[in-house]
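Thanks, everyone. I have one structure to walk through today. Please keep the sequence open beside the model.

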Amino acid sequence: QVQLVESGGGLVQAGGSLRLSCAASGSIFSVKAMGWYRQAPGKQRELVATITSGGSTNYADSVKGRFTISRDNAKNTVSLQMNSLKPEDTAVYYCNADVLPGYGFRFNDYWGQGTQVTVSS
């Protein structure tokens, strides 16, 4: 079984910073892309940032220059440093990973349970 566990959400004032972390655990043979998505009330889940095992990154236009994604391949962790936060960044943030389980034969998509980020104006 593979699990993704997020931490680091919370309440912050506009202009502040938060750091989200996610750890993948369980029977893992390999991890390809990892990323962060978010879902605001009444809206669809959207991509925030992704990072490949080689370190290539991709960001939503709305967070470019403010958010930084990073990962530790040895520990199967991914982090999201969020600076200059805005009220419109308020959402539940979900960790995502493309994982080949130790017991499997193909990569599967896994999601964390989500962590709330609230930015007050």
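I will go through the disulfide, the core, the strands, a few loops and the largest pocket.

One thing first. This is a predicted model.

Start with the disulfide. The count comes to one. Which cysteines form it? Cys-22 and Cys-95 do, and their sulfur atoms are 2.1 Å apart. Look at where they sit. Cys-22 is in strand S3, and Cys-95 is in strand S9. The two are 73 residues apart, so this pair links distant parts of the chain. Now the handedness. The torsion about the S-S bond is about -80°, so the disulfide is left-handed. Are these cysteines buried or exposed? Cys-22 has a relative accessible area of 1%, which is under the 20% cut-off, so Cys-22 is buried. Cys-95 is at 0% relative accessibility and counts as buried too.

Next, the core. In soluble globular proteins, nonpolar side chains tend to be buried together. Here, the largest nonpolar core has 31 residues. Which residues have the most contacts inside this core? They are Trp-36, Leu-80, Met-82 and Tyr-93. Many strands feed in. S1, S3, S4, S5, S7, S8, S9 and S11 each supply at least two residues of this core. S9 gives the most, with five residues.

Now the strand pairing. Take S4, residues 28-39. S4 and S9 run antiparallel, joined by nine bridges. For one contact to click on, try Ile-28: the bridge partner of Ile-28 in S9 is Pro-101. S4 also pairs with S5, again in the antiparallel sense, over five bridges. Trp-36 comes up again here. The bridge partner of Trp-36 in S5 is Ala-49. Between S4 and S5 there is a hairpin, with six residues between the strands. Gly-42 in that hairpin takes a positive phi near 75°.

On to S1, residues 2-7. S1 runs antiparallel to S3, with six bridges joining them. The bridge partner of Gln-3 in S3 is Ser-25. In a regular strand the side chains alternate between the two faces of the sheet. You can follow that along S1. Val-2, Leu-4 and Glu-6 point to one face and are buried. Gln-3, Val-5 and Ser-7 point to the other face and are not buried. Note Glu-6 on the buried side.

Some loops next. Most residues other than glycine have a negative phi, and most peptide bonds are trans. Where are the positive values in residues other than glycine? Asn-76 has a positive phi of about 55° and is not a glycine. Asn-76 sits in the loop between S7 and S8. Its relative accessibility is 18%, so Asn-76 counts as buried. The other one to look at is Ser-84, with phi near 50°. Ser-84 lies in the loop between S8 and S9. At 41% relative accessible area, Ser-84 is partly exposed.

Now two distances, both C-alpha to C-alpha. Val-92 is in strand S9. Val-92 and Ala-40 are 52 residues apart in sequence, yet 6.4 Å apart in space. Val-92 counts as partly exposed, at 21% relative accessibility. The 20% cut-off matters for this call: under 20% would be buried. The second pair is Ala-14 and Leu-47. They are 33 residues apart in sequence and 21 Å apart in space. Ala-14 is in the loop between S2 and S3. Ala-14 is partly exposed, with a relative accessible area of 41%.

Last, the largest pocket. How much space lies in it? About 160 Å³. The lining has 13 residues. Nearest the centre of this pocket are Arg-38, Ala-40, Lys-43, Glu-46 and Glu-88. Ala-40 is the residue we just paired with Val-92. What is the make-up of the lining? Two of the residues are nonpolar, four are polar and seven are charged.

To recap, keep two places on screen. One is the buried disulfide partner Cys-95, in strand S9. The other is the pocket, with Arg-38 among the residues nearest its centre.

Methods. Residues are numbered from 1 along each chain as its sequence is written. This is a predicted model: local features need pLDDT of at least 70, side-chain atom pairs count only at pLDDT 80 or more; totals for chains, interfaces and linings use all residues. Side-chain values use heavy atoms; hydrogens and water are left out. On a 1 Å grid over the protein atoms alone, a cavity is a set of points where a 1.4 Å probe fits but cannot get out, and a pocket is an open set with protein on both sides within 12 Å along at least five of seven lines; lining residues have an atom within 4 Å of a point. Grid points are joined across faces, edges and corners, and a volume is the space filled by probe spheres set on the points. Ala, Val, Leu, Ile, Met, Phe, Trp, Tyr, Cys and Pro count as nonpolar, Asp, Glu, Lys and Arg as charged, and the others, Gly among them, as polar. A nonpolar core is a set of buried Ala, Val, Leu, Ile, Met, Phe, Trp, Tyr and Cys residues joined through side-chain atoms within 4.5 Å. Buried means under 20% relative accessible area, exposed over 50%, partly exposed in between (1.4 Å probe, protein chains only). Helices (H or I, at least four residues) and strands (E, at least two) are DSSP runs, numbered from the N terminus. A disulfide is a pair of cysteine sulfur atoms within 2.5 Å. Two strands pair if DSSP finds at least two bridges between them.
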